[in-house]
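Here's a quick walk through a small set of features in one protein chain. Keep the viewer open while you read.

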Amino acid sequence: MSALTSSMISFLNDLIRIRSVCGIDAERLVAERICVECENLKLKYELISAPNQEHRPNVIVTAGIDFIHNEK
C-alpha cells in the first residue's frame with residue numbers, strides 16, 4: 001500500500017470515528033480534523049459558520065485557484 005493510500009485511509013477513518021450526529025454532537029470536531037488535513041497537504045482553507053451555528057462550521061478548501069482564473 002502506498003504512503004498516500006495509507007494516509008488517505010487514516011484520514012477517512014478519523015472522519016468516521018468522530019461523533020458528529022446533527023443536533024446531538026458538535027460538528028466542529030469534524031471540521032477541525034479536515035483543517036488539520038488541509039494544513040498537512042498545504043491547502044488553503046477557511047472555516048465559515050452561519051450566525052449562531054458556530055458548532056456547525058463549513059470548511060471551504062481552495063485548490064488550483066490559478067486554473068479557475070485562467071479558464072475564462
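What follows goes from the overall layout to a handful of individual residues.

**The overall picture**

First things first: this is a predicted model. Mean pLDDT for the protein chain is 87, with 89% of its residues at 70 or more. Confidence isn't spread evenly over the elements, though. Helix H2 (residues 28–40) has the highest mean pLDDT, at 95, while helix H3 (residues 65–70) has the lowest, at 54. So treat H3 as the element with the lowest mean confidence, because pLDDT is the predictor's confidence in each residue.

As for the fold, the protein chain has three helices and two strands, and reading from the N terminus the order is α-α-β-β-α. There are 72 residues in the chain, and 15% of them count as buried. The accessible surface comes to about 5700 Å², with 58% of that belonging to carbon and sulfur atoms. Take the contacts with a separation of 6 or more: 25% of them are between residues 24 or more positions apart.

**Five residues side by side**

Here's how the residues picked out below compare in relative accessible area.

| Residue | Location | Relative accessible area | Class |
|---|---|---|---|
| Met-8 | helix H1 (residues 3–17) | 46% | partly exposed |
| Glu-37 | helix H2 | 10% | buried |
| Lys-42 | loop between H2 and strand E1 (44–48) | 73% | exposed |
| Asn-52 | loop between E1 and E2 | 67% | exposed |
| Thr-62 | strand E2 (residues 58–62) | 32% | partly exposed |

**Helix H1 and its nonpolar patch**

Which residues make the nonpolar surface patch? Leu-4, Met-8 and Leu-12 do, and the patch covers about 310 Å². Met-8 sits in helix H1. Its relative accessible area is 46%, so it lands in the partly exposed class, between the 20% and 50% cut-offs.

**Glu-37 in helix H2**

Is Glu-37 buried or exposed? It's buried: its relative accessible area is 10%, and the class needs a value under 20%. The side chain of Glu-37 is joined to that of Arg-33 by a polar contact of 3.1 Å. Setting aside residues up to four places away in sequence, Glu-37 also touches Ser-7 and Phe-11.

**Two loop residues with positive phi**

Most residues other than glycine have a negative phi. Lys-42 has a positive one, near 60 degrees, and isn't a glycine. You'll find Lys-42 in the loop between H2 and strand E1, where it counts as exposed because its relative accessibility, 73%, is over 50%.

Now jump to the loop between E1 and E2, which is where Asn-52 is placed. Asn-52 isn't a glycine either, yet its phi is positive, at about 65 degrees. With 67% relative accessibility, Asn-52 counts as exposed.

**Thr-62 in strand E2**

Last stop: Thr-62, in strand E2. What does it contact beyond its neighbours within four places in sequence? Leu-43 and Lys-44. Thr-62 and Lys-44 are 18 residues apart along the chain, and their C-alpha atoms are separated by 5.3 Å. Thr-62 is partly exposed, with a relative accessible area of 32%.

Key
Residues are numbered from 1 along each chain as its sequence is written. This is a predicted model: local features need pLDDT of at least 70, side-chain atom pairs count only at pLDDT 80 or more; totals for chains, interfaces and linings use all residues. Side-chain values use heavy atoms; hydrogens and water are left out. Patches are made of residues with over 30% relative accessible area and no salt bridge: like charges are joined within 9 Å, nonpolar side chains (Val, Leu, Ile, Met, Phe, Trp, Tyr) within 5 Å. Accessible areas come from the Shrake-Rupley method with a 1.4 Å probe; for residues, only the protein chains shown count as cover. A salt bridge is a side-chain nitrogen of Lys or Arg within 4 Å of a carboxyl oxygen of Asp or Glu. Helices (H or I, at least four residues) and strands (E, at least two) are DSSP runs, numbered from the N terminus. Buried means under 20% relative accessible area, exposed over 50%, partly exposed in between (1.4 Å probe, protein chains only). Contact means heavy atoms within 4.5 Å. pLDDT is the predictor's confidence in each residue, from 0 to 100. A polar contact is a pair of N or O atoms within 3.5 Å; within protein, one must be able to donate a hydrogen and the other to accept it, and residues adjacent in sequence count only if both atoms are side-chain atoms.
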